[in-house]
Amino acid sequence: MKELLLALPAGRETQGRSIGLTPAHMAYRVGPGPKLLGIRLPQNLRGGLMQVDCAGFDGAGDPVGCCRQILGECRRRSFRGIVCDFEGEPRGCTGKLVEILDRNCAAQGWPLYVPECYSAHAPKARVLIPSALTHGTLERRLKEAIARYGQNRAALAVEWVREDFVLPARGRGEPVGQEALEGQMKRLEPAIFFDKGLCAHYYTYMKGPQAHFVLFDTPRSIREKLETAKRLGIIAALLPGPEIEDHLEEIFGPEGG
């Protein structure tokens, strides 16, 4: 792939650089005003991409000044692109904010990554397609995205999923922590399967009269997701650094996980 991004907590270094991963620094937020809020980073930190969210922001205000702050911080830190990690549908001025960033990033030659629901506001940006599915196949999902956005715009947003669904599974499941997952598997000793279409592991169990379906990722499933995207010609992916950083060798090494 042309660009593999590793989302990292503020100021955290990574061995991923040595295998070609580019850090996306999770240190910024759009706050009330709107204005750019940031966690203090090391003075000498340079390079990579800025990752900015808008958690808690109600969308009120004029985004022009905030965009100037975002672009100025990118120049000061020598960031070469921006990831808009915005949850939910556009609200208030967030669509306009993304439009402004799209124009300016294109003028600078920087990539801008946006969630799919912001794609209409950013016609030049790369569109993040989540890897988590409960039905269909990842290959089909990515082919649909390529048909809609083009091969150079569709980007894979890799998720490290651990979710418990009541069957029939719909939407997103209940998050399951790593310790809880391991404890449940040890207690139930379920038959674990790998779904090549979803590129994920799963097992089922009964809780009273209700059937449950647990979907989870491992280094093997992350590798399968990336290989599927690469085979389809997708040029970029965003990886969840806090969850996978201890598994980089398994995911990217010659033997796989």
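**Notebook: rings, cores and unusual backbone**

I began with the aromatic side chains and found that F165, F193, Y202 and F213 are linked into a cluster by ring pairs, where rings of Phe, Tyr and Trp (its six-membered ring) pair if their centres lie within 6.5 Å. In total I noted 7 aromatic pairs in the structure.

Before going further I recorded that this is a predicted model, in which local features need pLDDT of at least 70 and side-chain atom pairs count only at pLDDT 80 or more, while totals for chains, interfaces and linings use all residues. Residues are numbered from 1 along each chain as its sequence is written, and side-chain values use heavy atoms, with hydrogens and water left out.

I then looked for a charge over a ring (NZ of Lys or CZ of Arg within 6 Å of the ring centre and within 35 degrees of the ring normal), and found R220 over the face of F194, at 3.9 Å from the ring centre.

Next I turned to the largest nonpolar core, a core being a set of buried (under 20% relative accessible area) Ala, Val, Leu, Ile, Met, Phe, Trp, Tyr and Cys residues joined through side-chain atoms within 4.5 Å. It has 32 residues, of which L142, L156, I222, L226, L239 and I244 touch the most other members. Among the elements that give two or more residues to this core are strand 1 (3–9), helix 3 (138–149) and helix 5 (219–231), helices (H or I, at least four residues) and strands (E, at least two) being DSSP runs numbered from the N terminus. Helix 3 gives the most to this core, with 5 residues. Apart from this core I found another, of 31 residues, including C66, I70, L101 and A122.

Which residues is L156 in contact with, leaving aside its neighbours within four places in sequence? Taking contact as heavy atoms within 4.5 Å, I listed several, among them I129, L142, L226 and L238.

My last search was for unusual backbone. Most residues other than glycine have a negative phi, and most peptide bonds are trans. A cis peptide bond joins G33 and P34, with omega about -10 degrees, and P34 is found in the loop between strand 2 (21–31) and strand 3 (35–38). The bond from L167 to P168 is also cis, with omega near 0 degrees.

S78, although not a glycine, has a positive phi of about 60 degrees, and this residue is partly exposed (between 20% and 50%), with a relative accessible area of 45%. E189 likewise has a positive phi, of about 50 degrees, and is exposed (over 50%), at 67% relative accessible area.

Note on methods. Phe/Tyr/Trp six-rings, centres within 6.5 Å; stacked < 30°, edge-to-face > 60°. Buried < 20%, exposed > 50% of the residue type's maximum accessible area, 1.4 Å probe, protein only.
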